[in-house]
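Biologist: Please take me through the annotated domain of this model, strand by strand, and then through the residues that the record marks as a binding site.

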Amino acid sequence: MNLPELKFDENGLIPAVIQEIDTKEVLMVAYMDKEALRRTIETGFTHFWSRSRQTYWKKGETSGCVQEVKEIYYDCDADTLLVMVKQHGKGACHTGNRTCFYRKIDFQSVK
């Protein structure tokens with residue numbers, strides 16, 4: 001597999017922003033290493049490295065809410081991925097929400 005020169009951090013990880021291709025809604029952020037990226041590219045479904053469990057996981061493997069990969073981009077510094085997906089099932093968040101970004105900081109009241 002001929003990948004571009006990506007900049008993985010000192011733990012061999014790169015952040016991946018996962019976005020719904022149709023709505024442009026940001027669904028989640030997770031981390032990939034080279035193996036998780038390889039699995040993602042080869043299978044066409046998102047795979048990540050779990051920093052807390054220290055293992056690989058396929059998104060939706062148990063819930064059925066898989067993410068079908070449509071496009072993968074990398075930023076100008078080559079240290080972040082943007083993965084455009086078709087989200088299948090109820091949503092991306094383990095809480096049952098469609099997106100992991102369902103909470104909002106009311107910055108007007110924080111000032």
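Modeller: UniProt, in an unreviewed entry, lists residues 28-102 as "domain: Phosphoribosyl-AMP cyclohydrolase"; its positions follow the numbering used here, feature names are shortened, and annotations may be inferred rather than shown by experiment. The model is predicted, with local features needing pLDDT of at least 70 and side-chain atom pairs pLDDT 80 or more, while totals for chains, interfaces and linings use all residues. Residues are numbered from 1 along each chain as its sequence is written, and side-chain values use heavy atoms, without hydrogens and water.

The span 28-102 is 13% helix and 37% strand, and its end C-alpha atoms lie 10 Å apart. Helices (H or I, at least four residues) and strands (E, at least two) are DSSP runs numbered from the N terminus. The protein chain has two helices and six strands, in the order β-β-α-β-β-β-β-α from the N terminus on. Its C-alpha trace spans about 45 × 35 × 30 Å along the principal axes.

Four of the strands form an open sheet with mixed pairing, in the order E2-E1-E6-E5; strands pair if DSSP finds at least two bridges between them. Strand E2 (26-32) and E5 are the edge strands, each paired on one side only. On average, neighbouring strands of this sheet are turned by 25° against each other, direction ignored. Such angles run from 0 to 180 degrees between N-to-C directions of axes, which are lines fitted to C-alpha atoms, for helices over the stretch in contact.

Start with strand E1 (residues 14-20). Five of its seven residues are buried (under 20% relative accessible area, 1.4 Å probe, protein chains only), so E1 is largely enclosed by the rest of the structure. Over the protein chain of 111 residues, 34% count as buried. E1 pairs with E2 in the antiparallel sense over six bridges, and Ala-16 has Ala-30 of E2 as its bridge partner. The two strands form a hairpin with five residues between them, and Lys-24 in the turn has a positive phi of about 70°.

E1 and E6 run parallel and are joined by five bridges. The bridge partner of Gln-19 in E6 is Met-84. E6 also pairs with E5, here in the antiparallel sense, over seven bridges, and Glu-68 is matched there with Lys-86 of E6. Helix H1 (residues 34-43) lies across E2, E5 and E6, at about 120° to E5. Among contacts (heavy atoms within 4.5 Å) between residues at least 6 apart in sequence, 43% join residues at least 24 apart.

Now the second part of your request. The unreviewed UniProt entry annotates Cys-76, Cys-93 and Cys-100 as "binding site". They are spread over 25 residues of sequence and also in space, up to 27.8 Å between C-alpha atoms. Cys-76 is in the loop between strand E5 (67-74) and strand E6 (81-87). At 80% relative accessibility, Cys-76 counts as exposed (over 50%). Cys-100 lies in the loop between E6 and helix H2 (107-110). With a relative accessible area of 30%, Cys-100 is partly exposed, the class between buried and exposed. Leaving out residues up to four places away in sequence, Cys-100 touches Leu-27, Met-28, Ala-92 and Cys-93.
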